[in-house]
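Okay, thanks for making time, everyone. I'll put the thing on screen and then just talk you through it.

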Number of protein chains: 2
Amino acid sequence: MEEIDRRIVTLLARDGRMSFTDLARETGLSVSAVHQRVRRLEKRGVVRGYAALVDYDAIGLPLTAFVSIKPIDPAAADDAPERLAHLGAIEACHSVAGDESYILKVRVASPLALEELLNQIRTSANVSTRTTVVLSTPYEHRAPELIGEPDEPGDKPREKA
Amino acid sequence: MEEIDRRIVTLLARDGRMSFTDLARETGLSVSAVHQRVRRLEKRGVVRGYAALVDYDAIGLPLTAFVSIKPIDPAAADDAPERLAHLGAIEACHSVAGDESYILKVRVASPLALEELLNQIRTSANVSTRTTVVLSTPYEHRAPELIGEPDEPGDKPREKA
DNA sequence: TGACCGGGTGGAGGAGATCGACCGCCGGAT
DNA sequence: ATCCGGCGGTCGATCTCCTCCACCCGGTCA
């Protein structure tokens with residue numbers, strides 16, 4: 001992937017509804033060319049989708065927390081992600097190195113709802129939990145900056161324009 | 001906010017590029033009505049924006065980590081978020097309860113880049129860091145489910161601007 | 001009851017998305 | 001060196017969709 005694709009991805013990460021016309025203006029390509037590239041990026045999975053960014057306070061889920069989990073039985077099969085997938089309050093699940101095995105990011109309506117969710121997590125996945133409550137979020141979902149990134153040796157120098 | 005708005009937000013959170021026409025079909029309203037509601041949701045800040053979801057492996061940032069930070073001087077002013085904002089590798093910054101004061105989510109190209117980033121974090125904000133490396137991400141950015149949510153008693157049925 | 005107001009419908013105009021046809025560059029094979 | 005094929009670009013046509021406008025309906029309050 002080279003410069004222009006990177007540019008497109010950056011722009012779309014910043015504004016997922018940007019029109020192809022604007023994208024074309026920003027990149028100096030024609031609308032069709034941009035359209036083609038975006039479709040290719042989507043097909044290749046570089047762009048996995050588009051989402052509205054939501055104010056969780058406003059939609060009644062003002063409480064965010066990180067829940068680290070550790071299996072109670074270290075010998076049991078490690079299928080926690082599937083076991084927990086049905087819990088809609090879980091926004092993300094990361095497998096991590098370190099003392100615990102996964103970190104979950106959860107959004108709930110209240111401390112009571114958090115307590116209930118933790119119970120569901122423990123019983124669903126047979127794990128112990130350690131919870132870190134988020135007090136506030138200065139920023140989140142910042143778009144990646146993928147400028148620079150020196151071309152790898154295998155990358156053919158596609159210099160144009 | 002009532003049922004239909006909730007529906008719209010859910011749909012847009014799942015597919016940020018859904019057309020107003022489709023949104024109208026899903027909600028049973030006219031295109032104009034949906035358009036109006038979405039604009040209102042945007043203006044009120046319920047919908048804060050739209051973003052493309054990106055495959056970080058594909059764009060050369062395959063290493064994700066959580067960095068917990070703690071001030072070295074507990075008496076110093078707590079302006080870590082602003083001091084760190086210029087570091088583009090930081091995707092999110094959450095103020096948290098517990099032993100540490102903030103949790104950062106970072107995306108970098110390599111272990112070497114992570115090391116360098118940690119140095120920048122420490123010197124920029126005068127903090128100590130504790131890093132948890134993400135091995136894999138079973139899921140992330142799942143759309144919130146905001147069905148149900150019984151109206152709170154304090155919620156007046158007629159919202160004024 | 002009558003005026004007001006938030007929120008709905010429908011239509012018109014123009015902008016934008018999408019697709020096909022054509023072209024030019026580059027690398028590999030003859 | 002020339003031919004050939006694929007990739008990626010432009011241009012242009014068409015159709016969808018966005019966006020704005022005027023109008024309408026049902027509640028609320030004086």
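Let me start with a definition: contact here means heavy atoms within 4.5 Å. With that in hand, 100% of the interface residues of chain A are also interface residues in chain B, so the copies meet through the same surface.

Housekeeping next. This is a predicted model, where local features need pLDDT of at least 70 and side-chain atom pairs count only at pLDDT 80 or more, while totals for chains, interfaces and linings use all residues. Side-chain values use heavy atoms, with hydrogens and water left out, residues are numbered from 1 along each chain as its sequence is written, and chains are lettered from A and ligands numbered from 1 in the order in which they are written.

So, symmetry. A turn of 180 degrees with a shift of 0.0 Å along the axis lays chain A on chain B, at an RMSD of 0.0 Å; that's a least-squares superposition on the C-alpha atoms of residues with pLDDT of at least 70 in both copies. The two copies are thus related as by a two-fold rotation axis. And which C-alpha in chain A sits nearest the axis? That of Ala51(A), 2.8 Å from it.

Now the helices, which are DSSP runs of H or I with at least four residues, numbered from the N terminus. In chain B, H2 (residues 20–27) packs on H3 (residues 31–44) at about 105 degrees, with the axes 8 Å apart. Axes are lines fitted to C-alpha atoms over the stretch in contact, and angles run from 0 to 180 degrees between N-to-C directions. H2(B) and H3(B) are therefore roughly perpendicular to each other, a label that covers 65 to 115 degrees. On the H2(B) side you've got Phe20(B), Thr21(B), Leu23(B), Ala24(B) and Thr27(B), meeting Val31(B), Val34(B), His35(B) and Val38(B) of H3(B). By class that contact has six nonpolar, three polar and no charged residues. Classes: Ala, Val, Leu, Ile, Met, Phe, Trp, Tyr, Cys and Pro are nonpolar, Asp, Glu, Lys and Arg are charged, and the others, Gly among them, are polar.

On to the DNA. "Near" means one of a residue's heavy atoms lies within 4 Å of the strand. Around DNA strand C there are 14 residues, the closest being Ser32(A), His35(A), Ser30(B), Ser32(B) and Arg37(B). Sugar and phosphate make up 70% of the strand C atoms that come within 4 Å of the protein.

For polar contacts, think pairs of N or O atoms within 3.5 Å. Ser32(A) puts a polar side-chain atom 3.0 Å from a base nitrogen of DNA strand C. Phosphate oxygens of DNA strand C lie 2.9 Å from a polar side-chain atom of His35(A) and 2.6 Å from one of Ser30(B). H3(B) gives the largest share of that surface, five residues.

What about DNA strand D? Again 14 residues surround it, with Ser30(A), Ser32(A), Arg37(A), Ser19(B) and Phe20(B) nearest. A backbone N or O atom of Phe20(B) is 2.8 Å from a phosphate oxygen of DNA strand D. Side-chain N or O atoms of Thr21(B) and His35(B) each lie 3.3 Å from a phosphate oxygen of that strand. Here the largest share, five residues, comes from H3(A), and the surface divides into four nonpolar, seven polar and three charged residues.

Key
Helices (H or I, at least four residues) and strands (E, at least two) are DSSP runs, numbered from the N terminus. Angles under 35 degrees count as roughly parallel, over 145 as roughly antiparallel, 65 to 115 as roughly perpendicular and the rest as oblique. A polar contact is a pair of N or O atoms within 3.5 Å; within protein, one must be able to donate a hydrogen and the other to accept it, and residues adjacent in sequence count only if both atoms are side-chain atoms.
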